[in-house]
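Let's take a walk through this structure together, one piece at a time. Keep the 3D view open and turn it as you read.

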Amino acid sequence: MVRIVSVSPDQPSDAPIPFAVVAGLCAAEGLTALAVLAPPPATFDPVPLAAMLAEGVGDMAYLHEHTALRLEPTGLLPSARAILAVALPYQSDSGSDGLRRARYAAGKDYHNLLRPKLGRIGRALEQRGGWNYRAACDSAPLNERTLAQLAGLGWLGRNGLLIAPDAGSYRVLGFLLTEAPLAPRHGGHGEDRCGRCTACETRCPTAAISGRRVISERCISYLTIEHRGVIPRALAERFAGWWFGCDLCQEVCPWNRFAPPAGDARLLGADRETELLAVRAETFDAHFAARAIRRIGYERFRRNLLVALWSLGRHDDYRPIIAEALPLVTAQAQELGTTA
Ligand code: SF4
Ligand code: SF4
């Protein structure tokens with residue numbers, strides 16, 4: 001239920017803002033979980049970042065940038081007195097039994113949805129006392145999952161995702177750094193509840209989950225979204241139709257039985273296979289306007305379709321993709337040992 005909260009402009013600037021006010025603002029935006037951290041949070045580097053960077057991060061070179069901010073999030077707004085951590089559920093479907101894409105990409109790009117929501121919350125708080133704010137949703141170098149775990153929004157599961165016992169993992173995260181005096185409030189979760197479950201590790205088709213971490217170079221999500229080159233044949237043959245992201249390690253996670261419906265109808269959507277196959281360079285931007293898929297660009301989109309269709313043995317459907325002779329697609333076809 002959405003609660004409307006009145007905003008009083010005469011609130012003394014240092015009086016703590018009741019948690020119910022913040023909760024009401026979040027509920028009005030469809031955000032189902034929130035917590036408030038007092039900055040600076042304890043020094044944290046549980047990834048740990050340095051070790052991760054030393055191991056290599058593939059085509060995610062951006063992780064090498066702004067490492068200080070990843071370890072000290074208040075660098076984004078040094079005057080911040082609180083960090084609001086929120087989650088927006090996105091549960092949708094992942095397409096047909098044929099071509100499949102990650103649920104989070106079904107509708108509007110969540111970055112462009114969640115950041116404005118955080119901005120509206122920031123502005124509502126700002127109106128109470130002139131407090132500056134900074135909203136971040138995968139748009140600033142924050143160590144997001146770690147921050148959310150620290151805030152009590154869940155624990156980091158064996159599949160590397162943040163899981164809450166009452167909401168599963170089909171959620172995207174956002175953060176609002178604000179000068180507003182919000183009292184710290186733990187989200188109530190954080191204890192590791194994977195227990196002896198290894199369902200995600202067993203289900204992962206490319207053996208990308210090992211030792212409680214995801215090996216990005218083997219992960220279909222990484223390979224279809226971040227990776228810019230040719231996808232190795234040995235991995236491609238296990239794709240089983242995934243063309244943008246992969247949800248298998250979430251589909252088998254028992255905690256996702258408790259995943260709530262999407263917090264915003266604009267996150268929902270469907271991809272018809274005939275329409276996907278008909279997208280061409282000149283229609284790509286319009287077809288995926290406002291969706292996360294647009295970020296990978298046309299050539300990688302066609303590479304992904306080739307790999308997905310090839311993994312399903314649908315030669316007649318991928319032949320026109322190779323015939324288009326895009327350099328990356330041609331190289332991918334050579335890797336797969338197939339031709340138009
Ligand atoms: S997203 Fe898919 S490929 Fe990546 S770890 Fe999960 S199951 Fe494995
Ligand atoms: S499937 Fe099991 S091991 Fe994997 S994240 Fe979920 S609870 Fe943890």
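Find P89 first: its place is opposite R171 in β7. Bear in mind as you look that this is a predicted model. The pair belongs to a wider connection, since β2 and β7 run antiparallel and are joined by 8 bridges.

From here you can trace the whole sheet. It is an open sheet of 4 strands, ordered β1-β2-β7-β4, with antiparallel pairing. The edge positions go to β1 (33-37) and β4 (133-136); each has a single partner strand, so one side of each has no neighbour in the sheet. On average, neighbouring strands here are turned by 15° against each other, if direction is ignored.

Now look at the other pairings. On one side of the sheet order, β4 pairs with β7 (residues 171-178) in the antiparallel sense over 4 bridges, and A136 has F175 in β7 as its bridge partner. At the other end, 5 bridges link β1 and β2, again in the antiparallel sense. There, A33 is found opposite A87 in β2.

How many of the residues of β7 are buried? The count is 8 of the 8, so β7 is largely enclosed by the rest of the structure. To read the next detail, recall that side chains in a regular strand alternate between the two faces of the sheet. In β7 both faces are covered: one side carries R171, L173, F175 and L177, the other V172, G174, L176 and T178, and all of these are buried.

The edge strand β1 can be read in the same manner. Here 5 of the 5 residues are buried, so β1 too is largely enclosed by the rest of the structure. A33, A35 and L37 lie on one side and L34 and V36 on the other, all of them buried, which leaves both faces of β1 covered.

What does the covering? Let's turn to the helices. Helix α1 (residues 19-28) packs on the sheet and touches β1 and β2 (82-89), and its direction makes about 135° with that of β1. Helix α4 (residues 111-129) also packs on the sheet, where it touches β2, β4 and β7; the angle between its direction and that of β7 is about 30°.

Within α1, the buried residues include V21, V22, A23, G24, L25 and C26. Among the elements that cover the buried residues of α1 are β1, β2 and α4. Just past the end of α1, G30 has a positive phi of about 80°.

Helix α5 (residues 144-151) is another one to inspect beside these strands. Its buried residues are E144, T146, L147, A148 and A151. As a reminder for reading such a list, an α-helix has 3.6 residues a turn, so residues three or four places apart point the same way. The buried residues of α5 pack against β1, β2, β4, β6 (162-163) and β7. After α5 comes G152, with a positive phi near 95°.

Next, move along the chain to the ligand. Which residues surround ligand 1? They are C204, P205, T206, A208, I209, C219, I220, S221, C246, L248 and C249. Sorted by class, this shell holds 9 nonpolar and 2 polar residues, and no charged ones. Two helices, α7 (220-225) and α9 (248-251), each contribute at least two residues to the shell.

Further on, pick out F284, which sits in helix α11 (residues 281-287). Is F284 buried or exposed? Its relative accessibility is 2%, below the 20% cut-off, so F284 counts as buried. Setting aside neighbours within four places in sequence, F284 is in contact with V279, I293, R294, G297, Y298 and F301. As for E299, 15 residues separate it from F284 in sequence, and the C-alpha to C-alpha distance is 9.9 Å.

Finally, zoom out to the protein as a whole. Its secondary structure comes to 14 helices and 10 strands. Of the 340 residues in the protein, 52% are buried. The accessible surface is about 14900 Å², and carbon and sulfur atoms account for 52% of that surface. Among contacts with a separation of 6 or more, 74% are between residues 24 or more positions apart.

Conventions: Residues are numbered from 1 along each chain as its sequence is written. Chains are lettered from A and ligands numbered from 1 in the order in which they are written. This is a predicted model: local features need pLDDT of at least 70, side-chain atom pairs count only at pLDDT 80 or more; totals for chains, interfaces and linings use all residues. Side-chain values use heavy atoms; hydrogens and water are left out. A residue is near a molecule or strand if one of its heavy atoms lies within 4 Å of it. Ala, Val, Leu, Ile, Met, Phe, Trp, Tyr, Cys and Pro count as nonpolar, Asp, Glu, Lys and Arg as charged, and the others, Gly among them, as polar. Two strands pair if DSSP finds at least two bridges between them. Axes are lines fitted to C-alpha atoms, for helices over the stretch in contact, and angles run from 0 to 180 degrees between N-to-C directions. Contact means heavy atoms within 4.5 Å. Buried means under 20% relative accessible area, exposed over 50%, partly exposed in between (1.4 Å probe, protein chains only). Accessible areas come from the Shrake-Rupley method with a 1.4 Å probe; for residues, only the protein chains shown count as cover.
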